[in-house]
Amino acid sequence: MTKPSLPDLLHAAVTAVGGTERPGQVAMAEAVAEAVDDNAHLLVQAGTGTGKSLGYLVPALAHGERVVIATATLALQRQLVERDLPRTVEALHPQLRRRPQFAMLKGRSNYVCLHRLHEGAPQDEEDGLFDVFEQAAPTSKLGQDLLRLRDWADETETGDRDDLTPGVSDRAWGQVSVSSRECVGASKCAYGAECFAEAARERAKLADVVITNHALLAIDAIEGAPVLPQHEVLIIDEGHELVSRVTGVATGELTPGQVNRAVRRAAKLVNEKAADQLQTAAETFERLMELALPGRLEEIPEELGYCLMALRDAARTVIVALGSTRDKSVQDEDAVRKQALASVENVHDVAERITGGSEYDVVWYERHDRFGASLRVAPLSVSGLLREKLFTDRSVVLTSATLKLGGDFNGVAASLGLGPEGTAREDEPVWKGLDVGSPFDYGKQGILYVAKHLAQPGREGSRDDMLDELADLIEAAGGRTLGLFSSMRGAQAAAEAMRGRLDMPVLLQGEETLGELIRTFAADARTCLFGTLSLWQGVDVPGPNCQLVVMDRVPFPRPDDPLMSARQKAVEEAGGNGFMAVAATHAALLMAQGAGRLVRATGDRGVVAVLDPRVERARYGSFLRKSMPDFWYTTDRNQVRRSLARIDQAAKEAEAAEK
């Protein structure tokens, strides 16, 4: 039997999902197929509307070996599992003569634990040992959530938290889920045969395509104990998010509350001497944290060092004691012991990591208004880890709408542990970059406007001229504005100012759930939506109700961000340009994502307005502009107002014609 051609397979898949074949999608599919066949690595930038999911799914399914696909967002996981994969598998079946199996796999805490659900969560001593289901008043929000979870657990086939609609609070979910460290193990658990997490793992072992998230991919790479099944091809979608997700998984944290919880959980299971040793170390740590000032600790203060060594040693003593004693008087002893062990091991591991003083780690204090102080440790870079753990023994394809920054892939590649494109060094994998463009004509559909006449934003103080400019632009656009701010304080100040000046609804992130805010924004042309980080990347509103995207300033990391400033300093000490490699690259990625909110369909028109003159005046401005879609560029404020007014008028006429 002759092997079916890739163009024929792609055509069948695109037809099945009701899409339109795009030249960029065809180029992407061919490049992915070549990389997979050659066991090579590929970075693909595919703009919004390219249809990149099918651009990698079709060649991956045609290849026939097991593929793992890692995504950053729940929305894309759902799209792949519920829409793209079922239709594509059916569409390709007549030519492939097989139906590849696919499965979703997440970390254990994403699945409801039947042991916890039926036996109750082991409670901390201060709460008493009781069944939380019986204690939570049925009329309380927690009680209602828990009762609903019990009913849902009888009906669900997956036990996956993301399949529960509407969702429940983290507190409620915490009562019915366990981390991998807290799990008693399927062989010891009375509910092991019915376990949702174990069932998901078994499905993944049998599947040809496994859909997972960046976090589980990171855990699989970092912890050395394989969670994902063996695979020959790894496809990382939303690849621009990978480094931050891996950094998050590789970050350790200690808080007084967390340490005290470990003490309470272990106290009833170990001898008094071991419990007292951990209690004393915990009290010292709590006293020190009350005095902690936010910021990086380039050297560990002597007192903190002694305290962490005491915590580490006490935790080690408790871990040994937990393994050598049994107490049948403790109800559900295995679960109680496993939860205690998980808490104490975390304290031990983080304390040991910080006292180890690795030059490759960054340590800092953080202080949160609500949760108090925490001590954190994160890797200075994850590039070496990614190079070693991801890019050996398999073909890796990374794709996103934003992988080229400043005109090339090298910045993103360096963060992944890859050398410059086309260079072959002994310890660096060879890779290729491909930009397949976008089906949109950005030069005709959008304008990039930089307000170069405004004063340069400072760290503090009001920006009255920026607020005047913002009000004028929103009025010209007739609303229809997505405001992207570099801080929550900036978003709040702008929302307050606009509500006082304009006769238009202004929605603010945090005043309602994000999903509800976006739905309201998409439904009313006159409405504006202001917010911070999640809006820069998480809004998909095609059509005339989002025709002005405003960025208040270049979203550089805060100068006092311990991890970013440490990374910048490390690049400079190695002879590189730390500002460009870290701060400018961080800002460029966000601005590229933010600008991508404007044009989501072929009929969209509008303006991306950056109210920060540095994008025009500063030397790094051209790097930022090159990282964004290729819109028509101007600094003429009057031209932009006229364009916005015309776009608003055209949208109103189209709306009237529809009525």
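How much space lies in the second largest cavity? About 40 Å³. This comes from a predicted model.

## Second largest cavity

The second largest cavity, with about 40 Å³ of space, is lined by Ala60, Leu61, Gly64, Glu65, Val67, Arg98, Pro100, Asp208 and Val209. Five of these lining residues are nonpolar, one is polar and three are charged.

## Largest cavity

The count of cavities of 30 Å³ or more comes to three. The largest has a volume of about 240 Å³. Its lining holds 23 residues. Nearest the centre of the largest cavity lie Cys113, His115, Val178, Cys183 and Cys189.

Three elements give two or more residues to this lining: helix H5 (114–119), helix H9 (196–206) and H15. H5 gives the most, with three residues. By class, the lining of the largest cavity divides into 15 nonpolar, five polar and three charged residues.

## Helix H15

H15 covers residues 333–356, 24 residues in total. At 1.5 Å a residue, the helix should span 34 Å. The C-alpha atoms at its ends are 34 Å apart, so the model agrees with the expected span.

Gly357 follows H15. The phi of Gly357 is positive, near 60 degrees. H15 is also one of the elements that give two or more residues to the lining of the largest cavity.

## Aromatic cluster

The model has seven aromatic pairs. In one of them, Phe440 and Tyr442 meet edge-to-face, with 6.1 Å centre to centre and 80 degrees between the planes. Both Phe440 and Tyr442 are buried. Tyr442 also pairs with Phe631, again edge-to-face, at 5.4 Å centre to centre and 90 degrees between the planes. Tyr442 lies in helix H18 (residues 442–445), while Phe631 lies in the loop between helix H26 (621–627) and strand E18 (632–634), so this pair ties together parts that are 189 residues apart in sequence.

Why does Tyr442 count as buried? Its relative accessibility is 15%, and buried means under 20%. Phe631 counts as buried because its relative accessibility is 6%. Phe440, Tyr442 and Phe631 form one aromatic cluster.

## Charge over a ring

Arg625 and Tyr633 make a further contact of interest to the modeller. The charged end of Arg625 sits over the ring of Tyr633. The distance from the ring centre is 5.0 Å.

Note on methods:
Residues are numbered from 1 along each chain as its sequence is written. This is a predicted model: local features need pLDDT of at least 70, side-chain atom pairs count only at pLDDT 80 or more; totals for chains, interfaces and linings use all residues. Side-chain values use heavy atoms; hydrogens and water are left out. Helices (H or I, at least four residues) and strands (E, at least two) are DSSP runs, numbered from the N terminus. The expected span of a helix is 1.5 Å times one less than its number of residues. On a 1 Å grid over the protein atoms alone, a cavity is a set of points where a 1.4 Å probe fits but cannot get out, and a pocket is an open set with protein on both sides within 12 Å along at least five of seven lines; lining residues have an atom within 4 Å of a point. Grid points are joined across faces, edges and corners, and a volume is the space filled by probe spheres set on the points. Ala, Val, Leu, Ile, Met, Phe, Trp, Tyr, Cys and Pro count as nonpolar, Asp, Glu, Lys and Arg as charged, and the others, Gly among them, as polar. Rings of Phe, Tyr and Trp (its six-membered ring) pair if their centres lie within 6.5 Å; planes under 30 degrees apart count as stacked, over 60 as edge-to-face and the rest as tilted. Buried means under 20% relative accessible area, exposed over 50%, partly exposed in between (1.4 Å probe, protein chains only). A charge sits over a ring if NZ of Lys or CZ of Arg is within 6 Å of the ring centre and within 35 degrees of the ring normal.
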